[in-house]
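Me: I'd like to learn how to read a protein surface next to DNA. Can you walk me through it with an example?

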Number of protein chains: 2
Amino acid sequence: MDTPNRHLADTLRNLRRQRQWSLDAAAARTGVSKAMLGQIERGESSPTVATLWKIAGGFETSLSSLLVPTPPACSEPEVRRAADLRRSPAEGEMLVAPLFPFDERLGFEVFELTLPAGYVRRSAPHEPGVTEHVLVVAGCMAVCIGDRWHALAPSEAIRFAADQPHGYRNDGDSPAVFHNLIHYPRQWGRAD
Amino acid sequence: MDTPNRHLADTLRNLRRQRQWSLDAAAARTGVSKAMLGQIERGESSPTVATLWKIAGGFETSLSSLLVPTPPACSEPEVRRAADLRRSPAEGEMLVAPLFPFDERLGFEVFELTLPAGYVRRSAPHEPGVTEHVLVVAGCMAVCIGDRWHALAPSEAIRFAADQPHGYRNDGDSPAVFHNLIHYPRQWGRAD
DNA sequence: ATCAGTCGTGCGCTAAAACGCACAAGGGCC
DNA sequence: GGCCCTTGTGCGTTTTAGCGCACGACTGAT
């Protein structure tokens with residue numbers, strides 16, 4: 001399988017053309033011979049990590065951008081209407097409205113959560129490296145991280161590592177609403 | 001400079017140990033000889049992209065994770081209190097409260113924006129690949145993407161490519177509040 | 001003259017096999 | 001029982017051989 005070599009070939013050639021560098025110029029900047037660069041650009045050679053590192057350095061770019069295709073940003077605007085959001089909750093239960101599902105390119109997902117008055121929820125830890133954000137929209141609530149509760153008012157927010165037990169609690173008399181933004185550590189360039 | 005090889009060596013050995021695989025087992029799964037794997041783990045060899053691809057495949061992980069150190073997630077919870085948020089706006093001006101500044105590890109930043117009644121703002125395009133999210137907290141507003149306006153009510157949201165002219169408008173009589181989440185394309189493994 | 005591609009050579013990556021090491025299971029003996 | 005030696009097995013390392021990466025020099029084309 002030479003998928004990464006193919007992509008490497010294309011991006012490297014595009015990068016060089018884009019900057020109007022000759023093979024010699026690129027060789028001078030990267031410290032890699034022009035012959036090697038030419039072969040890589042044509043997909044005839046699979047460079048070692050060491051030379052790839054020199055190339056990335058000379059081009060002042062990242063290793064990853066040379067190896068894995070940078071996913072194109074979403075072109076069409078995506079709107080979430082109220083009609084899409086209202087998930088039927090059991091009475092007295094938490095209401096979960098997915099605003100934006102997980103997107104590989106962005107690395108996170110966003111929910112709108114509504115907690116009935118007095119509601120308490122504890123969540124199991126997520127995978128290691130997961131970061132959760134709570135942005136209070138309305139109501140008075142508290143977030144539990146580990147064993148400490150953090151009280152939050154509207155317009156306040158908290159960010160915490162979610163790979164530990166955590167929970168939410170509504171301290172007020174009216175429903176509490178908050179945006180829940182969960183970020184997962186990126187896994188780029190999966191091989192299968 | 002052998003920084004990536006050093007990191008590759010450590011992470012590869014850790015990964016294998018963590019899964020309790022012998023070199024033979026790893027060789028069977030990756031299709032790379034155990035001798036090669038041993039040398040790479042010991043930092044004695046700089047593998048080619050092709051073999052690195054096979055290794056990533058066998059370990060069911062990403063190329064990037066083998067090459068660049070995965071930044072640790074934030075360990076201490078970060079709270080944004082109301083006191084931190086209130087930026088003094090000129091009267092009749094837009095109020096910008098930074099909730100979470102840009103974080104290299106997460107790739108985005110979050111603001112809370114408040115638009116006075118009738119306020120209209122146009123923004124210049126961001127860099128290519130930037131994705132913007134508008135999550136309406138209160139009020140009736142509209143978002144302009146390119147030349148089209150999208151009306152939004154509370155609890156509604158929109159995601160769009162921000163590398164084009166865009167703008168916000170408050171359609172109601174009361175201030176409109178929304179969370180603004182801006183994602184920047186990641187650049188991993190810079191060589192310098 | 002400049003740029004891209006090719007040729008020949010050496011070194012390094014890569015795989016298969018052989019090696020050394022540690023540990024556990026037995027087997028014979030006192 | 002305790003003891004020593006052997007055998008076997010699994011693991012990581014080292015060796016051997018060759019294929020391919022990587023470079024400098026050359027050629028051709030515009």
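Reply: Sure, and let's begin with burial: a residue counts as buried when its relative accessible area is under 20%, worked out on the protein chains only. Keep in mind that this is a predicted model.

Me: Is Ser45(A) buried or exposed, then?

Reply: Ser45(A) counts as buried because its relative accessibility is 18%. You'll find Ser45(A) in the loop between H3 and H4 of chain A. Leaving aside residues up to four places away in sequence, Ser45(A) touches Met36(A), Gln39(A) and Ile40(A).

Me: What does the side chain of Ser45(A) have to do with DNA strand D?

Reply: One of its N or O atoms is 3.1 Å from a sugar or linking oxygen of DNA strand D. Backbone atoms show up too: a polar one of Ser33(A) is 2.9 Å from a phosphate oxygen of the strand, and for Leu23(B) a backbone N or O atom lies 2.6 Å from a phosphate oxygen.

Me: Which elements give two or more residues to the surface near DNA strand D?

Reply: In chain A they are helix H3 (34-41) and helix H4 (49-58), and in chain B helix H1 (3-18) and helix H3 (34-41). H3(A) gives the most, with three residues.

Me: Which residues come nearest to the strand?

Reply: Out of 20 around DNA strand D, the nearest are Ser33(A), Pro47(A), Thr48(A), Leu23(B) and Arg42(B). Of the strand's atoms within 4 Å of the protein, 80% belong to sugar and phosphate.

Me: And how many residues of that surface are nonpolar, polar or charged?

Reply: Six are nonpolar, eight polar and six charged.

Note on methods:
Residues numbered from 1 in each chain as written. Chains lettered and ligands numbered in written order. Predicted model: local features only at pLDDT ≥ 70, side-chain atom pairs only at ≥ 80, totals over all residues. Heavy atoms only, no water. Near = heavy atom within 4 Å. Polar contact = N/O pair within 3.5 Å; in protein donor to acceptor, adjacent residues only side chain to side chain. Helix = DSSP H or I, 4+ residues; strand = E, 2+ residues; numbered from the N terminus. Nonpolar A, V, L, I, M, F, W, Y, C, P; charged D, E, K, R; others polar. Buried < 20%, exposed > 50% of the residue type's maximum accessible area, 1.4 Å probe, protein only. Contact = heavy atoms within 4.5 Å.
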